[in-house]
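Work through the exercises below with the model open. Try each task before reading its solution.

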Amino acid sequence: MKEIGQVIEKNGRILKVKFSLSEACHSCGLCKINEEDLVLDVIDECNAKIGDFVMVEVEKKDFYQVTFLIYLFPLISFILGVLIGYLIGERYRLDTQLLGLSIGLVFTVLSYPLIKSIYKKLSQKQKFIPVAKKIV
């Protein structure tokens, strides 16, 4: 995935790059949205300066892993909670639908702190940080 953005801040090898929102780039939790623009920290591999426009790349594999974590993990948690609720409800002769929904919602809510923790660990690995490849 490639996007062009403008460098608004530089701190060593880390740039803050401002992008205009496009259809290809939606909010996924990596970005800080300011009205119609978003700001993202990227690694500087092209020796950019403040005001330069840079080509920023994110490996598709890494992008899909983060997307899975943010969007599909809560859904899977909900489905797992619903299934566990149904099994417990059947075993103890409780309302399976209500118990399934309740446990599904609890699992979903509990998935978010876990996602945040996993994301912090992943964001420390350089391969998950977008890279400014060249000045355009």
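The exercises cover strand pairing, a nonpolar core and a surface patch.

This is a predicted model, in which local features need pLDDT of at least 70, side-chain atom pairs count only at pLDDT 80 or more, and totals for chains, interfaces and linings use all residues. Residues are numbered from 1 along each chain as its sequence is written, and side-chain values use heavy atoms, with hydrogens and water left out.

**Exercise 1.** Find the strands that pair with β1.

Step 1. Strands are DSSP runs of E, at least two residues long, and helices are runs of H or I of at least four, numbered from the N terminus. Two strands pair if DSSP finds at least two bridges between them.
Step 2. β1 spans residues 2–11 and pairs with β5 in the antiparallel sense over 5 bridges; Gly5 stands opposite Val54 of β5.
Step 3. β1 also pairs with β2, antiparallel, over 5 bridges, and Gln6 has Lys18 as its bridge partner in β2.
Step 4. The β1–β2 hairpin has 2 residues between the strands, and Gly12 takes a positive phi near 70° there.

**Exercise 2.** Identify the elements that give two or more residues to the largest nonpolar core.

Step 1. A nonpolar core is a set of buried Ala, Val, Leu, Ile, Met, Phe, Trp, Tyr and Cys residues joined through side-chain atoms within 4.5 Å. Buried means under 20% relative accessible area, exposed over 50%, partly exposed in between (1.4 Å probe, protein chains only).
Step 2. The largest core has 12 residues, including Val7, Phe19, Leu40 and Val56.
Step 3. The elements sought are β2 (14–20), β4 (37–44) and β5 (53–57).

**Exercise 3.** Classify Tyr71 as buried, partly exposed or exposed.

Step 1. Tyr71 lies in helix α1, residues 60–91.
Step 2. Tyr71 is partly exposed because its relative accessibility is 46%.
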